Amino acid sequence: MLRDILEQNEEVKVNSREVQLLREHFDGCFNNEGKFDLEKFRAMIGDEINIVEENQGFNFLGKSYARMIANQESLTVIRPDEPHNSKPENRDSENIYISGDNLDALKHLCKSYSGQVKCIYIDPPYNTGEDGFTYNDKFDFKAEELSSKLGINLEQAEHIIDMKKSSSASDAAWLTFMLPRLELAKDMLSKDGVIFISIDDNEQANLKLLCDEIFGIENFIAVFIWEKRLNRENRKETSVRHDYILCYSRTYLDEETRRIRQLPMNAKALSSYSNPDNDPRGPWKSDPAHAQAGHGTENQFYVLTAPNGKKHTLPSGRCWIHTQDVMQKAIDDNRIWFGSDGNGVPRVKTYLYAKERGLTPETMIMAKEGGTNEKAKNDLKELFDGIAVFDTPKPVELVKHLLRMGSRDGLVMDFFGGASSTAQAIMELNAMEGYNIKYFMVQLQESCKPDSEAAKAGYKTIDEVGQERIRRAAKQIAEANPLFKGDLGFKHYTLEDFEGDTIDRLYDFDMNANMNDNDILSKFGAQTVLTTWLCRDGYGLNPKVTEVKLKDYTAYLCGKHLYLLDADFYQEEMAELIDKMVDTTQQFNPDVIVVFGYGMGYSTRLMLDKNLRALADARGNKITLDVRY
């Protein structure tokens with residue numbers, strides 16, 4: 001399973017993803033040498049798109065390296081936390097918490113959830129010099145190797161290696177860290193999806209340029225300014241009271257299409273609606289019946305006659321919003337208001353319940369709407385019985401405010417999970433405002449500082465704190481909302497690397513050896529291998545898996561894939577498998593048989609291949625034998 005990926009990663013280039021997309025959509029533009037023919041591409045798209053050839057990109061040391069890393073597959077496996085996941089509150093949960101590097105997590109999740117995430121909120125390290133950010137990845141390259149892979153000179157390659165080795169906190173190091181994560185985040189977003197990214201002045205300008213390049217300038221929505229504190233800070237040159245939140249959409253349709261939702265009506269907005277004439281359509285407010293003249297046609301300029309006979313002329317530079325015929329129908333239908341005495345200036349009735357109404361989001365998020373850092377810390381401290389387990393949690397109010405703009409349902413992701421404010425915000429929205437959101441949280445197993453309150457309370461890693469916050473918040477929400485029967489649990493998975501000696505064993509394994517051995521499988525665990533493969537094959541982390549008994553052997557069926565993991569698969573099991581596949585009454589019809597190659601001996605694989613070929617000929621459809629190493 002890792003050997004295949006190691007060999008695949010050796011072939012990865014900086015632009016592997018981009019070339020794959022071009023081949024998928026513009027295969028005819030590649031010549032017989034496999035090179036992309038720009039002139040063919042020009043002819044195909046015609047004059048619809050202007051191709052800009054000048055170099056206008058945003059460049060930094062490590063950019064090509066970051067793009068290559070984004071294209072490589074993860075060398076981790078997904079280990080399910082079976083004791084936790086089997087608890088009643090978690091068994092059927094569709095919420096996911098992953099402990100591990102978020103870059104690895106995104107690479108795994110993209111296999112099953114690409115294009116399915118409605119909203120992403122992340123609070124990455126700000127690179128302040130005080131937040132502990134340093135760039136240091138687990139990839140090991142020599143300068144000559146990087147030079148060849150990236151198409152750069154040796155000096156540039158050595159600079160990148162020095163940046164990695166020195167655990168740099170430079171702007172280039174931070175951008176190298178962020179680029180592959182944002183590239184994969186974009187892949188995760190649905191067509192109507194949006195992403196919110198918290199940041200401060202240290203990297204806001206660089207982040208904006210990076211996001212413009214990754215998501216596209218046309219998909220930029222706004223930079224929100226959040227009032228994160230209310231008190232003045234006198235110890236610095238300026239008292240910084242705000243952070244930024246960059247917002248981008250996955251796609252852009254047109255100027256009229258909203259990419260973020262309107263916010264719920266507040267008390268002040270609702271107070272504008274009343275029903276003085278007892279209109280059966282319910283409460284309404286009045287809006288002007290005329291608009292700027294430049295937007296009107298000649299049929300929108302006329303003298304309007306009220307029901308009492310009073311004539312109304314247009315103000316200078318204005319036109320009526322309807323033509324005369326349409327306006328008369330609206331008057332007859334009591335949709336135009338002329339005041340309580342019938343002599344007022346004509347105004348259009350806008351009904352509260354005619355459609356879902358809301359408030360256009362403002363780019364200023366004040367503390368009364370989004371909370372403050374101090375309140376967030378105090379709220380978390382109260383949840384943990386007076387212990388300050390996390391120094392810089394984001395306010396639940398802020399995340400809820402953003403999610404109200406992002407999505408009311410579907411999948412939401414936070415891959416810098418931290419103190420799990422996002423998970424609590426989602427549970428509260430589901431329980432109290434009728435949302436139906438499922439979450440994916442990812443947090444690195446970063447050690448709590450030895451002198452921290454979290455460490456003193458017995459928490460070893462940040463992800464332990466994040467999971468405990470979810471459990472405590474879920475209990476609190478359930479107690480406050482006894483009628484809510486929604487999902488307050490989560491399934492937990494850990495991403496695991498393997499030691500060098502294990503990888504050496506995988507490389508040294510003789511694929512032609514005639515043996516059946518479960519020793520290597522035991523290093524991973526059958527459920528870990530199965531979970532990793534199910535996610536890889538597009539079934540996600542909550543699939544319906546059926547155990548299939550073949551004599552005393554257990555196989556696993558999901559969709560069109562049948563997984564054979566254990567070594568003890570012999571002639572009797574093969575016969576049972578064939579019987580099941582030819583018995584049309586059982587509706588047992590997998591198209592792909594996946595085998596853990598380290599456990600199943602060479603002769604057994606030959607037996608499988610021979611029998612499956614014969615069965616495919618008899619059934620008239622191909623059955624793929626996929627042996628994985």
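User: In this predicted model, Glu 468 and Arg 472 both lie in one helix. Which helix is it, and how many residues apart are they?
Analyst: The model is predicted. Glu 468 and Arg 472 are separated by about one turn of the helix they share. That helix is α19, and the two residues are four residues apart.

User: How far apart are the closest N and O atoms of Glu 468 and Arg 472?
Analyst: A salt bridge needs a side-chain nitrogen of Lys or Arg within 4 Å of a carboxyl oxygen of Asp or Glu. Glu 468 and Arg 472 form such a salt bridge, with their closest N and O atoms at 2.9 Å.

User: Which residue forms a salt bridge with Arg 471?
Analyst: Arg 471 lies in helix α19 (residues 462-480), and its partner is three residues apart from it, so about one helical turn separates the two. Arg 471 itself is partly exposed, at 37% relative accessible area. The closest N and O atoms of the pair are 3.2 Å apart, and the partner is Glu 468.

User: Does Glu 468 count as buried or exposed?
Analyst: Buried means under 20% relative accessible area. The relative accessibility of Glu 468 is 18%, so Glu 468 counts as buried.

User: Which residue forms a salt bridge with Lys 349?
Analyst: Lys 349 lies in strand β13, while its partner is in the loop between α12 (267-270) and β7, so the pair ties together parts that are 70 residues apart in sequence. Lys 349 is buried, with a relative accessible area of 5%. The closest N and O atoms are 2.9 Å apart, and the partner is Asp 279.

User: Which residues are linked with Lys 349 in a network of salt bridges?
Analyst: Asp 279, the salt-bridge partner of Lys 349, is buried at 3% relative accessible area. The network takes in both of these residues, and the others linked in it are Asp 277, Arg 281, Asp 333 and Arg 335.

User: What is the order of the open sheet of three strands that has antiparallel pairing?
Analyst: The edge strands, each pairing on one side only, are β7 (284-288) and β12 (336-337). Two bridges join β12 to β13 (residues 347-351), and Ile 336 stands opposite Val 348 in β13. The order is β7-β13-β12.

User: Lys 491 is buried yet has no salt bridge; which side chain of opposite charge is nearest?
Analyst: Lys 491 is in strand β17 (residues 491-496). Its contacts beyond four places in sequence include His 84, Arg 91, Tyr 97 and Asn 542. At 6.0 Å from Lys 491, the nearest side chain of opposite charge is Asp 92.

User: How many residues of strand β21 are buried?
Analyst: On one side of β21, Val 592, Val 594 and Phe 596 are buried, and on the other Ile 593 and Val 595 are buried, so both faces are covered. The buried count for β21 (residues 592-596) is five of five.

User: Which helix joins β21 and β22 in a right-handed β-α-β unit?
Analyst: Strands β21 and β22 (residues 624-628) run parallel and are joined by five bridges, with Val 594 partnered by Asp 626. On the other pairing, four bridges join β20 to β21, and β20, α23 and β21 also make a right-handed β-α-β unit. For β21 and β22, the helix is α24 (residues 602-619).

User: How many bridges join strand β5 to β6?
Analyst: Strand β6 (residues 242-249) is mostly covered, with seven of its eight residues buried. Six bridges join β4 to β6. Strands β5 and β6 run antiparallel, Phe 224 has Ile 245 as its bridge partner in β6, and the number of bridges is seven.

Key:
Residues are numbered from 1 along each chain as its sequence is written. This is a predicted model: local features need pLDDT of at least 70, side-chain atom pairs count only at pLDDT 80 or more; totals for chains, interfaces and linings use all residues. Side-chain values use heavy atoms; hydrogens and water are left out. Buried means under 20% relative accessible area, exposed over 50%, partly exposed in between (1.4 Å probe, protein chains only). Two strands pair if DSSP finds at least two bridges between them. A crossover is right-handed if, with the strands pointing away from the viewer, the path from the first strand over the helix to the second runs clockwise. Lys and Arg count as positive and Asp and Glu as negative; His and the chain ends are not counted. Contact means heavy atoms within 4.5 Å.
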